[in-house]
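User: Please take a close look at one part of this chain and describe how it sits in its surroundings. A single connected account is fine.

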Amino acid sequence: MTAALLAGLLAGYGIAVPVGAVGTYLVSLTARTTLRTGVCAALGVATADGLYALAAALGGSALASALEPVLEPMRWVCVLVLLALAVRGAAGAVRRYRGRRLAARTGAAPPGAARAYLSLLGITLLNPTTVIYFAALVFGSRSGEAAGPLEQAVFVTAAFAASASWQVLLAGGGALLGRALTGHRGRLVTSLVASGVMTALAVHMAVAPA
């Protein structure tokens, strides 16, 4: 159970830490509205991460037996997928930092709490990197025996809690923290940290016994 907890926390923070367009919007939304609206929006992002973690965990269990003959090759494929995501995230962060490209701001009226939650939920669900990340992590960690319902629940809950804690931190950090994390240098640092987490997961997966 401890392993499932740690895996869920690492997975949640690994996908939540990089401050991209969604994180930037979340901080600016909170600054323009209220903390309540920002927290609701943050929970929308975390809910999407939790749903993807659940889908990945359930899918991994259902297919574990059928895929048992090819679990070892799949594990190495998933290691490569996680490394590719890490490299892509780091390279993109460096490229944006050098190009000084910032997300465009819109002048639309800010949404209320409920609409903020649903909007951020939908935006995050449409992010293909999230589902690829969780699927690669769960499938790559499979061995001959599928995790039980308790381990799955712990993994999903931990992933949701990790994502929620980071998103709420972004929402509640205020304008000063928001500028620090979503500025050129802050986005570079957080993206590199997230890429480091993904790389560590891939290395652990590669050296772990089958």
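Analyst: Contact here means heavy atoms within 4.5 Å. The model is predicted, and the part examined is helix α3, which spans residues 35–64.

Start with Gly 44, a residue of helix α3. Gly 44 has a relative accessible area of 0%, so it counts as buried. What is Gly 44 in contact with, leaving aside its neighbours within four places in sequence? The partners are Tyr 117, Leu 120 and Leu 121. For Leu 120, the C-alpha atom is separated from that of Gly 44 by 5.2 Å, although the two residues are 76 apart along the chain. Leu 120 also belongs to a nonpolar core of 13 residues, a second and separate one, which includes Leu 26, Val 45 and Ala 116 as well.

Val 45 also appears in the surroundings of Ser 163, a residue of helix α7. With neighbours within four places in sequence left aside, Ser 163 is in contact with Val 45, Ala 46 and Asp 49, and also with Gly 12 and Ala 16. Ser 163 is buried because its relative accessibility is 0%, and the cut-off for that class is under 20%.

The largest nonpolar core has 14 residues. Ala 53 is among those with the most contacts inside this core, along with Tyr 133, Phe 155, Val 156 and Met 198. Helix α3 is one of the elements that give two or more residues to this core, the others being α1 (2–16), α4 (71–99), α7 (149–172) and α9 (184–207). The largest share, four residues, comes from α4.

Helix α3 also contributes to the surface. Leu 51, Leu 54, Leu 58 and Leu 125 make a nonpolar surface patch of about 310 Å². Three residues of the patch come from helix α3, the largest share. Leu 125 is placed in helix α5, residues 113–125. Leu 125 counts as partly exposed because its relative accessibility is 31%, and that class lies between the 20% and 50% limits.

As for the setting, the chain has nine helices and zero strands. Of its 210 residues, 41% are buried. Among contacts between residues at least 6 apart in sequence, 91% join residues at least 24 apart. The accessible surface of the chain comes to about 10400 Å², and 71% of it belongs to carbon and sulfur atoms.

Conventions: Residues are numbered from 1 along each chain as its sequence is written. This is a predicted model: local features need pLDDT of at least 70, side-chain atom pairs count only at pLDDT 80 or more; totals for chains, interfaces and linings use all residues. Side-chain values use heavy atoms; hydrogens and water are left out. Patches are made of residues with over 30% relative accessible area and no salt bridge: like charges are joined within 9 Å, nonpolar side chains (Val, Leu, Ile, Met, Phe, Trp, Tyr) within 5 Å. Accessible areas come from the Shrake-Rupley method with a 1.4 Å probe; for residues, only the protein chains shown count as cover. A salt bridge is a side-chain nitrogen of Lys or Arg within 4 Å of a carboxyl oxygen of Asp or Glu. Buried means under 20% relative accessible area, exposed over 50%, partly exposed in between (1.4 Å probe, protein chains only). A nonpolar core is a set of buried Ala, Val, Leu, Ile, Met, Phe, Trp, Tyr and Cys residues joined through side-chain atoms within 4.5 Å.
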